[in-house]
Amino acid sequence: MKADEWKSWVLVYSPVLLHGILPPLQFKNWMYFVDACRYYVKPSITFDEITTAHSLLEKFCNACNVDYTATILTCNMHLHLHLHECIRDFGPVYGYWLFGFERYNGILKNFKTNGKDGFEATYMKNFVQNAYKGDYVNAVLKSSSQIPFIHTLSKLVTTSIPAATVTTLSSRPFRLQAFVQGYTDPYNPPKGNEPLPPSTFPLKYKKPSVMDDSDYLHLLEYYQVAYNLPDLASYQDTSYNRPALDNQIIKLKSIDILGQHYRGTNNSTISRGSLVQAKFVGSNGNIILGFAGQIQYLFTHSFQLPPTHNLHLTRMVHDHQHVFAFIKWFRTSSDRSREDDGVEFCLPTFSPDSYHSIIPVHRILLEVATATIATSRNVSKMLVIPLPKKLYA
């Protein structure tokens with residue numbers, strides 16, 4: 001198995017597949033290791049989390065020393081206990097682990113050399129050609145008139161086009177810290193028009209379309225709540241002299257956010273929409289809850305604030321383009337028996353759609369994996385396992 005496959009086994013599959021296979025005490029000990037890895041693979045980590053992860057590894061190693069013979073325990077068991085020192089000195093391992101290096105080894109291995117000598121020359125010839133093509137494309141795209149041809153020009157190069165050459169939706173600069181806070185702090189959720197990472201652009205637009213009337217009512221309620229505009233009217237409401245919300249949207253084929261690729265079902269029976277999780281504030285206002293759901297479609301929508309809104313009166317910048325995901329959320333389950341293992345239960349059916357079905361893409365916390373199981377009473381439940389978060393800024 002490759003290192004990345006081992007990571008997937010430890011973090012995603014083992015908490016599900018080893019449950020009931022390992023004896024309870026050994027499974028509990030294994031979960032110490034899994035939980036420590038969940039901390040250590042995070043793109044950003046606090047000093048308190050480093051201490052917690054180190055404590056979990058100490059428990060794991062001490063238990064292994066009791067359960068297994070000395071011939072099984074390798075020097076890696078000892079090296080586990082020095083990881084916290086390395087991370088305190090150099091930051092999260094996410095910044096310097098060798099997964100990228102191994103990926104490039106795979107790229108090198110796939111270079112066609114016709115079985116002849118001279119691999120170095122073949123590789124450098126391809127490298128120089130790609131570098132030259134990249135320089136040419138970037139030079140052409142300095143002219144804003146060439147932006148419509150970006151998809152054609154991008155086929156010339158093997159690397160992504162720098163976002164500096166692409167028009168974004170926001171007049172404000174992107175701030176990574178503010179963006180991360182947007183999906184981790186549900187008490188101050190983004191509205192959908194905040195800056196997205198430059199690497200997200202250009203967006204993969206479909207043709208403009210009219211939003212389904214039932215979905216549109218949820219979008220209307222979303223804006224009413226998000227901007228505190230209870231008098232915001234539907235486009236169909238012509239009986240009152242008050243601002244109305246347009247029903248024109250532009251759907252997206254998919255979207256890439258900091259290395260995460262999201263897509264919707266787009267009414268297809270073949271394409272499966274991304275399974276994601278987002279944080280919400282509980283009904284009592286004190287508990288933060290994570291909900292899992294499936295993206296139905298991604299879309300942009302233009303919304304201009306009424307002239308009398310407070311943002312206009314304070315002269316704050318308001319970008320009218322919003323980027324949303326329409327998500328069907330799975331029904332929650334009262335079963336919390338696997339919560340300590342980092343595995344949640346949901347019901348394999350969707351909750352009714354509401355304005356909560358429309359969330360800014362900024363609020364997507366992470367992707368999840370799911371598996372449907374049947375209990376001893378033949379009740380269907382769905383396991384929800386969080387996947388490691390990517391953060392390629």
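Let's start with a charge meeting a ring: the charged end of Arg363 sits over the ring of Phe280, 4.6 Å from the ring's centre. Keep in mind as you look that this is a predicted model.

Now follow the strands around Phe280. Strand β7 (residues 275-281) runs antiparallel to β8, and 7 bridges join them. One place to see this is Lys279, which stands opposite Gly290 in β8. The two strands form a hairpin with 6 residues between them, and in the turn Gly285 has a positive phi of about 80 degrees.

Strand β8 (residues 288-302) has other partners too. With strand β4 (residues 248-252) it pairs in the antiparallel sense over 3 bridges; here Ile250 has Thr300 as its bridge partner. On to strand β9 (residues 321-332): 9 bridges join it to β8, again antiparallel, and Ser302 is matched with Gln321.

What lies inside? The largest nonpolar core has 33 residues, and Ile255, Ile295 and Val361 are those with the most contacts inside it. Several elements each supply at least two residues of this core, including α9 (176-184), β7, β8 and β9. The largest share, 5 residues, comes from β9. Take Ile295 as a guide: among the residues it touches are Tyr262, Val276, Phe326 and Ile364. Apart from this core lies another, of 28 residues, with Phe27, Cys37, Val41 and Leu57 among them.

Phe27 leads us to helix α2, where it is one of the buried residues, along with others such as Trp30 and Phe33. The cover over the buried residues of α2 includes α1 (3-17), α3 (47-67) and α5 (83-90). You can also check the helix's length: at 1.5 Å a residue, the 17 residues of α2 (residues 24-40) should span 24 Å, and the end C-alpha atoms are 25 Å apart, which agrees.

Finally, look at the aromatic rings. A search of the whole structure finds 18 aromatic pairs. Tyr216 and Tyr235 have ring centres 5.0 Å apart and planes at 80 degrees, so this pair is edge-to-face. Tyr216 belongs to helix α10 (residues 213-226), while Tyr235 is in the loop between β2 (233-234) and β3 (244-245). Tyr216 is buried, with a relative accessible area of 1%, whereas Tyr235 is partly exposed at 31%.

Phe280, our starting ring, also forms an edge-to-face pair, with Phe291: 5.7 Å centre to centre, 85 degrees between the planes. Phe280 counts as buried at 10% relative accessibility, while Phe291 is partly exposed at 24%.

Methods. Residues are numbered from 1 along each chain as its sequence is written. This is a predicted model: local features need pLDDT of at least 70, side-chain atom pairs count only at pLDDT 80 or more; totals for chains, interfaces and linings use all residues. Side-chain values use heavy atoms; hydrogens and water are left out. Two strands pair if DSSP finds at least two bridges between them. Helices (H or I, at least four residues) and strands (E, at least two) are DSSP runs, numbered from the N terminus. The expected span of a helix is 1.5 Å times one less than its number of residues. Buried means under 20% relative accessible area, exposed over 50%, partly exposed in between (1.4 Å probe, protein chains only). Contact means heavy atoms within 4.5 Å. A nonpolar core is a set of buried Ala, Val, Leu, Ile, Met, Phe, Trp, Tyr and Cys residues joined through side-chain atoms within 4.5 Å. Rings of Phe, Tyr and Trp (its six-membered ring) pair if their centres lie within 6.5 Å; planes under 30 degrees apart count as stacked, over 60 as edge-to-face and the rest as tilted. A charge sits over a ring if NZ of Lys or CZ of Arg is within 6 Å of the ring centre and within 35 degrees of the ring normal. Lists of a residue's contacts leave out its neighbours within four places in sequence.
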